[in-house]
Amino acid sequence: LDTLEKWVTEIFSEIPNNGLPKPSFGHLTQPFDTPEFHKLYRVVPIRKVHSLTITWALPPQEQYYRVKPLHYISWLVGHEGKGSVLSFLRKRFWALALYGGNGETGFEQNSTYSIFSISVTLTDEGYKHFYEVAHVVFQYVKMLQKRGPDQRQVIWEEIQKIEANEFHYQEQTDPVDYVENLCENMQLFQKEDFLTGDQLLFEYKPEV
């Protein structure tokens, strides 16, 4: 460790600090407030696959990294057991898979907006009924909205434990990728959360 510290000091100490604050584009609060984004787009794929993707533009969420509200919602949406969206669609032979969430990358989450997407892999029959599939997804989201998160702290704690286990027992990654990830984290999180801020859930705040 002493040798590494010496190398870092030798190589990087000459880089000047201009003292400028991190750029923020938070004043651009409505980047998707345009009619072009309120439409249905049909895209012909190269592979033979039917996929329905619904995308929402939301206010910036990066400040809530200790709560991770979008991760919590994606967990509920992506659930595959009894009573789930996917279970309902599979019974009608309309869907093969479903996933939702936010990749927490610069494109999907930044100081201007956050994106939340739900993508459904459709069967040939499901493609014929994609309007009904979209309706089911919106119904489920509306149900989550009406019921609210207050009665679901148990679910949040379950997610928290699973993520903690995955963090503690994760396989060793490539050092270059690990360092790159930590450098990105240094731009987003408080110092004490550089190592864990992108993976762990720290606080349960239903109002968020």
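**Close-up views of a predicted model**

**View 1. Lysine 68 in the loop between E1 and H2.** Lysine 68 is buried, with a relative accessible area of 5%, a value that falls in the buried class because that class covers anything under 20%. In this predicted model, lysine 68 belongs to the loop between E1 and H2, and the residue has a positive phi of about 55° although it is not a glycine.

**View 2. Phenylalanine 93 in the loop between H3 and E2.** Phenylalanine 93, which lies in the loop that links helix H3 (85-91) to E2, is likewise a residue other than glycine with a positive phi, here near 60°. Phenylalanine 93 is exposed, its relative accessible area being 64%, whereas lysine 68 is buried.

**View 3. The open sheet formed by E1, E3 and E2.** The sheet is open and consists of 3 strands in the order E1-E3-E2, with antiparallel pairing. Strand E1 (50-58) and strand E2 (95-101) stand at the edges, each with a single partner strand, and therefore one side of each has no neighbour in the sheet. On average, and with direction ignored, neighbouring strands are turned by 10° against each other.

**View 4. Bridge partners along E3.** Strand E3 (residues 114-122) is joined to E2 by 6 bridges and to E1 by 9 bridges, with an antiparallel run in the pairing with E2 as well as in that with E1. On the E2 side, alanine 95 stands opposite leucine 122 of E3, and glycine 100 stands opposite isoleucine 118 of E3. On the E1 side, alanine 57 has isoleucine 115 of E3 as its bridge partner. E3 is mostly covered, given that 8 of its 9 residues are buried.

**View 5. Helices H2 and H5 against the strands.** Helix H2 (residues 69-77) packs on the sheet and touches E1, E2 and E3, its direction making about 15° with that of E3. Helix H5 (residues 130-147) lies across E1 and E3, and runs at about 40° to E1.

**View 6. A nonpolar surface patch that includes leucine 1.** Leu1, Leu4, Trp7, Val8, Ile11, Phe12 and Ile15 form a nonpolar patch on the surface, and their accessible area together comes to about 810 Å². Leucine 1, one of the residues of this patch, is located in the segment before helix H1 (2-12) and is exposed, with a relative accessible area of 81%.

Conventions:
Residues are numbered from 1 along each chain as its sequence is written. This is a predicted model: local features need pLDDT of at least 70, side-chain atom pairs count only at pLDDT 80 or more; totals for chains, interfaces and linings use all residues. Side-chain values use heavy atoms; hydrogens and water are left out. Two strands pair if DSSP finds at least two bridges between them. Helices (H or I, at least four residues) and strands (E, at least two) are DSSP runs, numbered from the N terminus. Axes are lines fitted to C-alpha atoms, for helices over the stretch in contact, and angles run from 0 to 180 degrees between N-to-C directions. Contact means heavy atoms within 4.5 Å. Patches are made of residues with over 30% relative accessible area and no salt bridge: like charges are joined within 9 Å, nonpolar side chains (Val, Leu, Ile, Met, Phe, Trp, Tyr) within 5 Å. Accessible areas come from the Shrake-Rupley method with a 1.4 Å probe; for residues, only the protein chains shown count as cover. A salt bridge is a side-chain nitrogen of Lys or Arg within 4 Å of a carboxyl oxygen of Asp or Glu. Buried means under 20% relative accessible area, exposed over 50%, partly exposed in between (1.4 Å probe, protein chains only).
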